[in-house]
Amino acid sequence: MADSGGSGRGPPCPGAAVALRRWEQLRRRAAAAAPWARGLLAMVAGFGLFYVVLRVPLRLRDSLAAVTVFLSTLTPKFYFALTVTSSFISGLIFVFEWWHFRKYGTSFIEQVSVSHLRPLIGGVENSPPAPAAFSAGENETSRQNMPECKVWRNPLNLFRGAEYSRYMWVTGKEPLTYYDMNLSAQDHQNFFTCDTDALRPSDTVMQKAWRERNPQARIKAAYQALELNNDCATAYVLLAEEEATTIVDAEKYFKQALKAGEMIYRKSQNCHSQSPQHEAQLRRDTNVLVYVKRRLAMCARKLGRIREAVKMMRDLMKEFPLLSMLNIHENLLEALLELQAYADVQAVLAKYDDISLPKSAAICYTAALLKARAVSERFSPETASKRGLSTAEINAVEAIHRAVEFNPHVPKYLLEMKSLVLPPEHILKRGDSEAVAYAFFHLQHWKRIEGALNLLHCTWEGTFHEVSVYPQKELPFFIHFTAGLCSFSAMLALLTHQFPELMVIFAKAVLRVLWPVSAPSVLASS
C-alpha cells in the first residue's frame, strides 16, 4: 500500500491511455468544428452507440433481414408510387422555399435551423442588428467602432403630426412601418427616460407615454404630465412631434420645451456628481436639450429662416462637440447647400469626411456634388471622349465613383428613374432607405447645379449600371437541394414507369449494397 503513493490506484493500462488520448483529440476537434459538424458527429455517435448497445436485445440483424424481405417482395407499382410521391413532396417544399425566399429574402429551412436547431447543438443564435441610438454620455470612440451597415436614426426625419400625418390624411395610407415606429419608441425611451423618473410623477407618466402604441393615448398622457408639472420638457416634445399639425405649431411647443429643458439642465449640472443616479439624470436632460435645439433648427429651416437655422446648428455643435454621432452636421450640410454657401459646405466636409468615421450618403454625394460643380456646366461626353478627361473632370468622376460605391441606390432616385416616397425615421446605411432619405432632401441641390445630374448619369451608366441593383441575393442552398431532389425523384418515377422490371433489379442491387450480410440469401430466394 505504501508503494501506491496514497492514491489507491495501480499504473494505468497502456491501451487505455492511448484510447483516452484519442478520445481527447476527437473531443477537441469536435469543439473546434462548426455547429453543424458537431451536430452531425453527435448524431453519428448516437446511432453507433444505439447499434452497439441495443443490437442484441432488439435483434437488429433479424429486423434488418425482415425489412429486406419486405422490400424484396414489393412490386414495381409500389416503387413508382413511392418515387411519384417523393417528387411531389419535394416539389411542394421547393415551391414553398422559393416563395419564402422571394417574400422574406431568406430560406425557411435555414432560418428554422439557425433559430431552433443551432442553439440545441451548442451554436449561438444570431440576433438582428439593433438600431444605432446614441446618448450624450457616449464618446467619439463608440462612433468609430460602429459598422457602416447598421440601422441609424435618420438625421433629417420629418415631424409626425405636421408632415407624416398629412400624407395619411390625403392618401389614407400609413407613411411609416410598424418596425420603424417601434425603433423610434425604443429611441425615445433611451433618450428621454432614466432611473430617477419614478421620483417625479410627471416623468413617471411620460415613461409610460413613450411605451404607448396609440398616438392619442400618448398625447393624452403628455397632457396629464403637464397637469402634474407645467415644466415637463418631454411632454412638450411629444406634443410638438405628434399633436402639432403645422411646423409653426411644432415650433411653439419646442420653444416651451426649450425653456423647461434649459431650467432642468442647469439643475442637473449642479448636482450630477452626487450619485450615479444624478449622472444618469444629467445625461437624460442633456439628450432632451440637444434634441429640442436640433428640432428647433429644423423648424427654422422648414419655415425659410435658413441663416437662423445654420447659426443654431453651429452653436449646438460648438456647445456639444462630442455629439457628432448624432449627425447634426448632415442637417448643417443641407441648410448650407440651400444657401449655396459651397465654401462653407467644403469646410464642413473637410472636418467630417474622415476615414476614421463611418461615412454616409450625405457626405459622399455632397463631396461628389462639389467636385461635379466645378466641371459639370461645360462637360460633354462627346468632347471628353475625343480629348480625354481633364484633371478636374477626373476628380469629379472619381468622387462620383466613390459615392456610388458607398451607396449604389442613390443615382436612380436622383435621376428620377425611381419614384420618391417619404423618408423613414430610420435608415440602413448603404441601403435603399438611406438613398430615399438623401434624395428626398438633396435632389433640389443637384438640379440647381447645371449639368451635375448629366455628369452623374454618364458616370453611373457607363460604370455602375449593373452595380446599382446591389445587393443581389444568391439562392439559398436548400432551394438548389430541393430542386435537385424533386428532379431526381421525378426522373426515377419516369424510369420506373417506363422500365419497371429494370428498376426493380436496380432497387434489389441497392439493397444488396446496403445490407450485404442478410440480403443475398433473401434476394436469391425471391
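The exercises below work through salt bridges, aromatic contacts, one helix and one surface patch in a predicted model.

Residues are numbered from 1 along each chain as its sequence is written, and side-chain values use heavy atoms, with hydrogens and water left out. Because the model is predicted, local features need pLDDT of at least 70 and side-chain atom pairs count only at pLDDT 80 or more, while totals for chains, interfaces and linings use all residues.

**Exercise 1. Describe the salt bridge between Arg284 and Asp197, and place both residues in the chain.**

Step 1: the criterion is a side-chain nitrogen of Lys or Arg within 4 Å of a carboxyl oxygen of Asp or Glu, and a search of the whole structure finds 20 salt bridges.

Step 2: in the bridge of Arg284 with Asp197, the closest N and O atoms are 2.9 Å apart. This pair links distant parts of the chain, since Arg284 belongs to helix α13 (residues 276–302) and Asp197 to the loop between α8 (178–192) and α9 (201–209), 87 residues away. Helices here are DSSP runs of H or I with at least four residues, numbered from the N terminus.

Step 3: Arg284 and Asp197 are both buried, where buried means under 20% relative accessible area, exposed over 50% and partly exposed in between (1.4 Å probe, protein chains only).

**Exercise 2. Compare the settings of the salt bridges Glu319 to Lys293 and Lys311 to Asp315.**

Step 1: the side chains of Glu319 and Lys293 meet at 2.8 Å, N to O. Glu319 lies in helix α14 and Lys293 in helix α13, 26 residues apart, and the pair links distant parts of the chain.

Step 2: Glu319 is partly exposed, with a relative accessible area of 40%, whereas Lys293 is buried, with 18%.

Step 3: for Lys311 and Asp315 the closest N and O atoms are 2.9 Å apart, and both residues lie in helix α14, 4 residues apart, about one turn of the helix. An α-helix has 3.6 residues a turn, so residues three or four places apart point the same way.

Step 4: Lys311 counts as exposed at 53% relative accessibility, and Asp315 counts as partly exposed at 35%. Elsewhere, salt bridges that share partners join Asp197, Arg200, Asp203, Arg284 and Asp285 into one network.

**Exercise 3. Classify the aromatic pairs Tyr265 with Phe320 and Phe440 with Phe441.**

Step 1: rings of Phe, Tyr and Trp (its six-membered ring) pair if their centres lie within 6.5 Å, and planes under 30 degrees apart count as stacked, over 60 as edge-to-face and the rest as tilted. By this rule the count comes to 8 aromatic pairs.

Step 2: Tyr265 and Phe320 are edge-to-face, with 6.4 Å centre to centre and 70° between the planes. Tyr265 is in helix α12 (residues 247–271) and Phe320 in the loop between α14 (306–319) and α15 (328–339), 55 residues apart. Both Tyr265 and Phe320 are buried.

Step 3: Phe440 and Phe441 are also edge-to-face, at 5.0 Å and 75°. Phe440 is partly exposed, with a relative accessible area of 33%, but Phe441 is buried, with 11%.

Step 4: Phe191, Phe192, Trp210 and Tyr291 form one aromatic cluster.

**Exercise 4. Check the span of α15 and state how far this helix is enclosed.**

Step 1: the expected span is 1.5 Å times one less than the number of residues. For the 12 residues of α15 this should be 16 Å, and the end C-alpha atoms are 17 Å apart, which agrees.

Step 2: 10 of the 12 residues of α15 are buried, so the helix is largely enclosed by the rest of the structure. Among them are Ile328, His329 and Glu330.

Step 3: α15 is followed by Gln340, whose phi is positive, near 60°.

**Exercise 5. Characterise the nonpolar patch that contains Met491.**

Step 1: patches are made of residues with over 30% relative accessible area and no salt bridge, with like charges joined within 9 Å and nonpolar side chains (Val, Leu, Ile, Met, Phe, Trp, Tyr) within 5 Å. Accessible areas come from the Shrake-Rupley method with a 1.4 Å probe, and for residues only the protein chains shown count as cover.

Step 2: Phe488, Met491, Leu495, Phe499 and Leu502 form this surface patch, with about 490 Å² of accessible area together. Helix α23 (residues 477–498) contributes the largest share, 3 residues.

Step 3: Met491 is found in helix α23 and counts as partly exposed at 42% relative accessibility.

Terms used
Helices (H or I, at least four residues) and strands (E, at least two) are DSSP runs, numbered from the N terminus.
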